[in-house]
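I opened the model to look up a few strands and one helix pair. My notes follow.

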Amino acid sequence: MSVVNSVREVQVEEIADVEPHNWLNIKEAPAWLISLGVHLLFLFMLASFTRITLLDSENAIISSIEEIDDNVFKLDPTIQDVVGTAGDTALMTQSMAAAPQTSVEQQKAMQDQLENDIEAPEPIIDDLMTQPAKEELMAAVEVTGETDRPDGGVAGAIDRLTLEIAAAAKEKKLLVVWLFDVSPSVSKRRNEIADRFENVYKQLGILDAVEDESALRTAVAAFGETTQFITKDPVSDVKEVVSQIRSIKEDTSGDENVFSAVTQVSKRWLSYKKQGRRNMMVIVVTDEAGTDAPANLEDAIMLTKRNGIKCYVVGNAAPFGQREVNINFEIEPGVFVPAVSETGPETVAPERIKLPFWGQNSYEVRNISSGYGPYALTRLCAETNGIYFITEETSGPKFEPADMRAYHPDYISIRDYSSKIEKNMAKKALVMAATATRTSKRNLPNLTLEFPANTDNVLRQAVTVAQKPVTEFDYGLNELQMMLEQGLKDRPKITEPRWRANYDLALGRVLAMRVRAYGYNTILADMKSSPKVFEKKENNAWRLVPAEDVRSSPSVRKLGKQAQEILNGIIDEHPGTPWAFLAAKELDQPLGWAWQEIKLNLDPEGNRVRTPNPRFEEEERKRNEALKKRGATGGKPLKI
């Protein structure tokens, strides 16, 4: 209709322009001529309208889905990857992209622009199919800046490090600094690396990773209480290095100042990087977390990061939420002693409360793997774009990396970490509670579950002794509960899965422990006031076993219900993780207690009579002698 009106307006204007010439007055024109003009005008309008419709139909959109050929709309992934989301095409709306080009010149201009701006890459599939083994080795490892668990332990880590060395050496000249822990527990690992050392460099030479020997230089240092420079200067021939690695003397001081050592070797050989225009990497070989992180971590990160020095670590997995892991250490050939190794935690501050698992074997619980390296060393790798290689896990349960991917610790500075937890009361309360369970002078008691009952007096005395530490412990549990409940208001604001799981596990376990402590003292009080009678005369003792019946007040039973809801929620929300494992462990046994009569070998005073075991006594004698040689006293586990 608008087309018709516009045409009519044009005709009126033309007629108005003609009138002043007066060569033919329209009033004087015959009727047939006027009729002819009107019909011609009408035909002209129809022709114009049809032409416009035909032009539009050339670009008409097909509405039938079945007529679309899927192959026409397949995108080339290689080009899409090159363009990305930040290119010019990202600025085009859907309507602009669908609009037809009505001009040949516009289409040609757009084509020229695409050809100039976008360089089509080589076909990726063909490249991969024809890639030689040499090129695969020279490619950079994709997990740079993260934790990695290569197959094959130390050997697998060295193979992966060969890739990193080859990639860096191909780029330009390279200095590799190997930094070995001198602890006795690392001697086996040092020898494993020495065995493969020449092979690593031989492999690099065979693959022509470097054009000449001087292009790849190697330096070796060691750390313990102090830093030792094994090679005075970096060398090209690694044969002499192998024997020097094997001759590193052990340090039994227990101090591992690894971050001070990283700083010292970086400063000592920094000139090779700056003046020699080399890449530089530091490879730390250890099995612990280091003892000087509070004093030297930030300086080590600042120096290496500023100068582009990549740091790698061949180390152990940190125990989940704990600083130490319990191991049996072979102190002498065939002689194993209890020992503790400081390989954690994986976080800046404790985020897991330290509570016993009453009535259960807690060995595996103490040695759960976090799936990550210790915080400080892993952060050093992350900040410098290196890799922390986990070559040895803890002896306890382990978890799939895919399930743990969303539970990455916070690899940020201690100052930023403190600022982060200050902004959320639930996080702050969790760290306070977890720290309190590790620094409090109040002991974490293991429950007495077996009670001699030769006589009622012996039974009452044993019950009284067992009640006292649990009563004191429940006072501490009450403090933890109040501390954690201060953060309930901010709990919904937590977005990170790791923090949610940590907070919920802490609160759920504290509530469950309170119910167990209440029930324990209640059932002991009943036994003390009214001792039970044995059904079998040969029995002479009582044992407490878990039971569904929580013999306490309604408020305590309510706490038990809340604990079960929280712990079951963890299992549902965080499957396949340490938090779900520990929540299930807590729920494995009921919260109540019941009596079970048993027979023990007791003397008249109610003391256990132990049967001598010559083999055990001989092993104990050897252990004590070996510990004495090392200066270990007091019956405490050896610190390695």
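How many residues does the hairpin that joins β3 to β4 run through? I counted along the chain: the hairpin passes from β3 to β4 through 3 residues. I keep in mind that this is a predicted model.

**Entry 1: β3 and β4**

I took β3 as residues 216-223. Strand β4 covers residues 227-229. The two run antiparallel and are joined by 3 bridges. I looked up one pair: A221 has F229 in β4 as its bridge partner. I then checked cover on β3 and found 7 of its 8 residues buried.

**Entry 2: β2 and its neighbours**

Next I went to β2, residues 174-181. Which strands does β2 pair with? On β3, the pairing is parallel, over 8 bridges. On β5, residues 279-285, the pairing is also parallel, with 7 bridges.

I noted some partners. L175 is opposite R217 in β3. F180 has A222 of β3 as its bridge partner. Towards β5, V176 stands opposite M281.

Are the faces of β2 covered or open? I sorted the residues by side. In a regular strand, side chains alternate between the two faces of the sheet. One side of β2 carries L174, V176, W178 and F180, and the other L175, V177, L179 and D181. Every one of these is buried, so I recorded both faces as covered. The count agrees: 8 of the 8 residues of β2 are buried.

**Entry 3: α20 against α22**

I moved on to the helices. I took α20 as residues 497-529 and α22 as residues 578-587. Their axes lie 10 Å apart, at an angle of about 10 degrees. That angle is under 35 degrees, so α20 counts as roughly parallel to α22.

Which residues make the contact? From α20 I listed R498, A501, N502, L505, R509, A512 and R516. From α22 I listed W579, L582, A583 and E586. By class, I have 6 nonpolar, 1 polar and 4 charged residues in this contact.

**Entry 4: R498**

I stopped at R498, which lies in α20. Is R498 buried or exposed? I read its relative accessibility as 5%. The cut-off for buried is under 20%, so R498 counts as buried.

What does R498 touch, leaving out residues up to four places away in sequence? My list has F320, E346, T347, E351, Y372, Y407, H408, P409 and W579. I had already noted W579 on the α22 side of the helix contact.

Conventions. Residues numbered from 1 in each chain as written. Predicted model: local features only at pLDDT ≥ 70, side-chain atom pairs only at ≥ 80, totals over all residues. Heavy atoms only, no water. Axes fitted to C-alpha atoms, helices over the stretch in contact; angles between N-to-C directions. Helix = DSSP H or I, 4+ residues; strand = E, 2+ residues; numbered from the N terminus. Parallel < 35°, antiparallel > 145°, perpendicular 65-115°, else oblique. Contact = heavy atoms within 4.5 Å. Nonpolar A, V, L, I, M, F, W, Y, C, P; charged D, E, K, R; others polar. Buried < 20%, exposed > 50% of the residue type's maximum accessible area, 1.4 Å probe, protein only. Pairing = 2+ DSSP bridges.
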